[in-house]
Amino acid sequence: MNQAADLPIWAALLIALFLLIGAGLTLIGSFGLYRLRSFYDRIHAPTLGTSWGTAGIITASIIYFSVMESRLVLHQLLIGAFVIVTTPVTLILLSRAALYRDRAKNDPGVPPLDPPNNTSEISNPEKEPTPTHNNTHTGEV
Amino acid sequence: MSAAILSWAVTIAQIALAIAMALALVRMIKGPRAQDRVLGLDALYGNAMLLMLVFGIRTGNSLYFETSLIIGALGFVATVALAKFLMRGEVIE
């Protein structure tokens, strides 16, 4: 921190603000990962750290290096773009794997893989609300 | 004055990220099933990447940026491979 003494005060305040926002949101996300009950609740929590946590710390880093080197330093945006692209891919793959494992275990908390087909609707048409209910139920997977 | 503000903010951010890494590590160790452990490992990688960026601000060295990028890439590959393994039982088929 020896060369940071010649920073202007507004830059120091802005860097501190973005650092505290980013680190605090990451801490809240990891605390949610520790605290929430089921896996499908827990998978939402760390995205707080990968969305605004990463954005805040990257913004602080951009401001710091731009002011220190007196030019526009933007290579930290590479990390931001990489994290934004890769986080949904990994979490969708992981949640689909977890859903597959829960269905293979016959966990009652997850919806079934396929709704009952139209054969039941043809055989006894008075049970019409059942397939529509199942369709909406699997639609939210 | 500005050095003091920056020093305090960086220290608090490093402590917060270290606590976040510890919470993710606890979830990775005690997670009830395998997908919880993989999720904890993913959060651990992300928090380590952010901690490396804060180290870069503390030392003023732009070398930590490359460390952070490598940690992020390794975390992506590790989590995708582990999720594929949980889904299929093998990684490359």
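# Helices across two chains

Trainee: Which stretches of chain A carry the "transmembrane region" annotation?

Mentor: In the unreviewed UniProt entry, that annotation covers residues 12-36, 48-67 and 73-94 of chain A. Keep in mind that the model you're looking at is predicted.

Trainee: What makes residues 12-36 of chain A a helical span?

Mentor: Over that span the chain is 96% helix and 0% strand, and its end C-alpha atoms sit 36 Å apart. Residues 73-94 of chain A come out at 82% helix and 0% strand, with 35 Å between the end C-alpha atoms.

Trainee: And where does the record put the annotation on chain B?

Mentor: The unreviewed UniProt entry gives "transmembrane region" for residues 6-26, 38-57 and 63-87 of chain B. Residues 6-26 of chain B are 100% helix and 0% strand, and the ends are 30 Å apart, C-alpha to C-alpha. For residues 63-87 of chain B, the figures are again 100% helix and 0% strand, with an end-to-end C-alpha distance of 37 Å.

Trainee: Why are α1(A) and α3(A) called roughly antiparallel?

Mentor: Their packing angle is about 160°, with the axes 8 Å apart. Anything over 145 degrees counts as roughly antiparallel, so α1(A) and α3(A) get that label. The crossing of α1(A) past α3(A) is left-handed. As for the residues in that contact, 17 are nonpolar, 7 are polar and none is charged.

Trainee: Now across the chains: why do α3(A) and α2(B) count as roughly parallel?

Mentor: Helix α3 (residues 47-69) of chain A packs on α2(B) at about 15°, their axes 10 Å apart. The cut-off for roughly parallel is under 35 degrees, so α3(A) and α2(B) qualify. Here too the crossing is left-handed.

Trainee: Which residues of α3(A) and α2(B) meet?

Mentor: On the α3(A) side, they include Gly49(A), Gly53(A), Ile57(A), Tyr64(A) and Phe65(A); among the α2(B) partners are Met49(B), Leu53(B) and Gly56(B). By class, this contact has 10 nonpolar, 5 polar and no charged residues.

Trainee: What makes the pair α4(A) and α2(B) roughly antiparallel?

Mentor: Helix α4 (residues 77-104) of chain A and helix α2 (residues 34-59) of chain B pack at about 170°, with 10 Å between their axes. Set that against the over-145 cut-off, and α4(A) and α2(B) are therefore roughly antiparallel. Ile79(A), Leu91(A), Arg101(A) and Asp102(A) are among the α4(A) residues in the contact, and α2(B) brings residues including Gln35(B), Asp42(B), Met49(B) and Leu53(B). That contact has 10 nonpolar, 2 polar and 3 charged residues.

Trainee: How do you know which elements of chain A the predictor is surest and least sure about?

Mentor: Compare the mean pLDDT. Helix α1 (residues 9-35) of chain A has the highest at 93, and helix α6 (residues 129-139) of chain A the lowest at 47. Chain A as a whole averages 81, with 76% of its residues scoring at least 70.

Trainee: Where does pLDDT stay under 50 over residues with 1 contact beyond four places in sequence?

Mentor: That's residues 123-128 of chain A. Over residues 130-141 of chain A pLDDT also stays under 50, and there the model has 10 contacts beyond four places in sequence.

Methods: Residues are numbered from 1 along each chain as its sequence is written. Chains are lettered from A and ligands numbered from 1 in the order in which they are written. This is a predicted model: local features need pLDDT of at least 70, side-chain atom pairs count only at pLDDT 80 or more; totals for chains, interfaces and linings use all residues. Side-chain values use heavy atoms; hydrogens and water are left out. UniProt positions are given in the numbering used here, feature names are shortened, and annotations may be inferred rather than shown by experiment. Helices (H or I, at least four residues) and strands (E, at least two) are DSSP runs, numbered from the N terminus. pLDDT is the predictor's confidence in each residue, from 0 to 100. Contact means heavy atoms within 4.5 Å. Axes are lines fitted to C-alpha atoms, for helices over the stretch in contact, and angles run from 0 to 180 degrees between N-to-C directions. Angles under 35 degrees count as roughly parallel, over 145 as roughly antiparallel, 65 to 115 as roughly perpendicular and the rest as oblique. Ala, Val, Leu, Ile, Met, Phe, Trp, Tyr, Cys and Pro count as nonpolar, Asp, Glu, Lys and Arg as charged, and the others, Gly among them, as polar. A crossing is left-handed if the near helix is turned anticlockwise from the far one by less than a right angle, and right-handed if clockwise.
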